Amino acid sequence: MSMLAVHFDKPGGPENLYLKEVEKPSPGEGEVLLKVVASALNRADLLQRQGQYDPPPGASSILGLEASGYVVELGPGCQGQWKIGDPAMALLPGGGQAQYVTVPEGLLMPIPAGLTLPQAAAIPEVWLTAFQLLHLLGNVQAGDTVLIHAGSSGVGTAAIQLTRMAGATPLVTAGSQHKLQMAEKLGAAAGFNYKEEDFSEATLKFTKGAGVNIILDCIGGSYWEKNVTCLALDGRWVLYGLMGGANISGPLFSKLFFKRGSLITSRLRCRDKKYKQMLVKAFTEQILPHFSTEGPQRLLPVLDRVFPVTEIQEAHAHMETNKNVGKIVLELPQ
């Protein structure tokens, strides 16, 4: 049996992407087969397409770190928490941008009541990342102030809401007024346009000189000095991307040392199955119910645009313009 999947023959620009007939996967021990209704785009997909980010050993080489759809087959040894026909969403190391994908049963999550499958496809990768960065690595506490770079990105829009839910105060940086307004609608207490002002000065002013307790940083190199300047004493700087480069020159260590700061790095995709299952279980129990509850604490996946997967080139080009607010979702042919 074959299926359609997003494919590229050689690394390069979005124009190299096309839909190809490939073999449909079969679920192995403890895996289920998901018929994909929607997937979503992540920066990792762009890097992989450019030849800069290989999938982890053993993972599918097809793009796509998340998907939503229906369980259509159970592999041997499944524990029985999933039945054929169940709607579900999944965290994946790859393979989501295809009509079918195999998933270890512990990496599936139920679809929250009231959400569509395209909305659900926007949850797994970025919400689990934001949850991991804030709670498991940043150890967020009520009363903390959290600075979130790329505040209108997928991870950013999730982190703003999770910070509020933890009783902490979210501040964001972004590159346009439109993005900052969207971030403030989601609950950011303030937003700083990094193209027009020094975000570390603005952050210190907002915190009356105290600085922020946590920084969620997907930029890296170009922001190091401003980050360490606006970090509070005993602050946690959590680095999860290098969009602003990998190199720094200057007294990072002495400045960090003076603040008694922690620099913590994180990559989710290459974590082992056991860790991901722990993360998915904690998120499913602690956070997922809040997508369905009415009221001010309700969590919302933020969707920028939905493309049919036949327009995969346009979807990648759209992400590369950096204009999106929230997630870019792909719908698979049914």
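A strand, in the sense used in these exercises, is a DSSP run of E with at least two residues, and strands are numbered from the N terminus. The model to which the exercises refer is a predicted one.

**Exercise 1. Find the element that holds D234, and describe the backbone and the accessibility of this residue.**

Solution. Begin with the location: D234 belongs to strand β12, which covers residues 231-239. Turn next to the backbone, where D234 shows a positive phi of about 60° even though it is not a glycine. Finally, consider accessibility, for which partly exposed is the class between the limits of 20% and 50%. Since its relative accessibility is 40%, D234 counts as partly exposed.

**Exercise 2. Carry out the analogous description for N322, and state where this residue lies.**

Solution. N322 is placed in the loop that runs between α10 (312-320) and β15 (327-331). Its phi is near 60°, which is a positive value in a residue other than glycine. With a relative accessibility of 36%, N322 counts as partly exposed.

**Exercise 3. Decide whether L171 is buried or exposed, and list what surrounds this residue.**

Solution. First locate the residue: L171 lies in strand β9, residues 169-174. Its relative accessibility is 0%, and because buried means under 20%, L171 counts as buried. Then look at the surroundings: if neighbours within four places in sequence are left aside, L171 is in contact with T145, V146, L147, I148, A189, A190, F192, T203, F206, T207 and V212. One of these partners, L147, is 24 residues away from L171 along the chain, yet the two C-alpha atoms are separated by 4.7 Å.

**Exercise 4. Describe how helices α3 and α9 pack, and which residues make the contact.**

Solution. Two packed helices are described by the angle between their axes and the distance between the axes. For α3 (residues 124-137) and α9 (residues 273-286), the angle is about 90° and the axes are 10 Å apart. Angles of 65 to 115 degrees count as roughly perpendicular, and therefore α3 and α9 are roughly perpendicular to each other. On the side of α3 the contact is made by W127, L128, F131, Q132 and L136, and on the side of α9 by Y275, M278, L279, V280, A282, F283 and Q286. Sorted by class, this contact of α3 with α9 has 10 nonpolar residues, two polar ones and no charged ones.

**Exercise 5. State which residues the recorded domain covers, and give the helix and strand content there.**

Solution. An unreviewed UniProt entry places the feature "domain: Enoyl reductase (ER)" at residues 12-330. Over residues 12-330 the chain is 29% helix and 26% strand, while the end C-alpha atoms are 20 Å apart.

Technical notes
Residues are numbered from 1 along each chain as its sequence is written. This is a predicted model: local features need pLDDT of at least 70, side-chain atom pairs count only at pLDDT 80 or more; totals for chains, interfaces and linings use all residues. Side-chain values use heavy atoms; hydrogens and water are left out. Axes are lines fitted to C-alpha atoms, for helices over the stretch in contact, and angles run from 0 to 180 degrees between N-to-C directions. Helices (H or I, at least four residues) and strands (E, at least two) are DSSP runs, numbered from the N terminus. Angles under 35 degrees count as roughly parallel, over 145 as roughly antiparallel, 65 to 115 as roughly perpendicular and the rest as oblique. Contact means heavy atoms within 4.5 Å. Ala, Val, Leu, Ile, Met, Phe, Trp, Tyr, Cys and Pro count as nonpolar, Asp, Glu, Lys and Arg as charged, and the others, Gly among them, as polar. Buried means under 20% relative accessible area, exposed over 50%, partly exposed in between (1.4 Å probe, protein chains only). UniProt positions are given in the numbering used here, feature names are shortened, and annotations may be inferred rather than shown by experiment.
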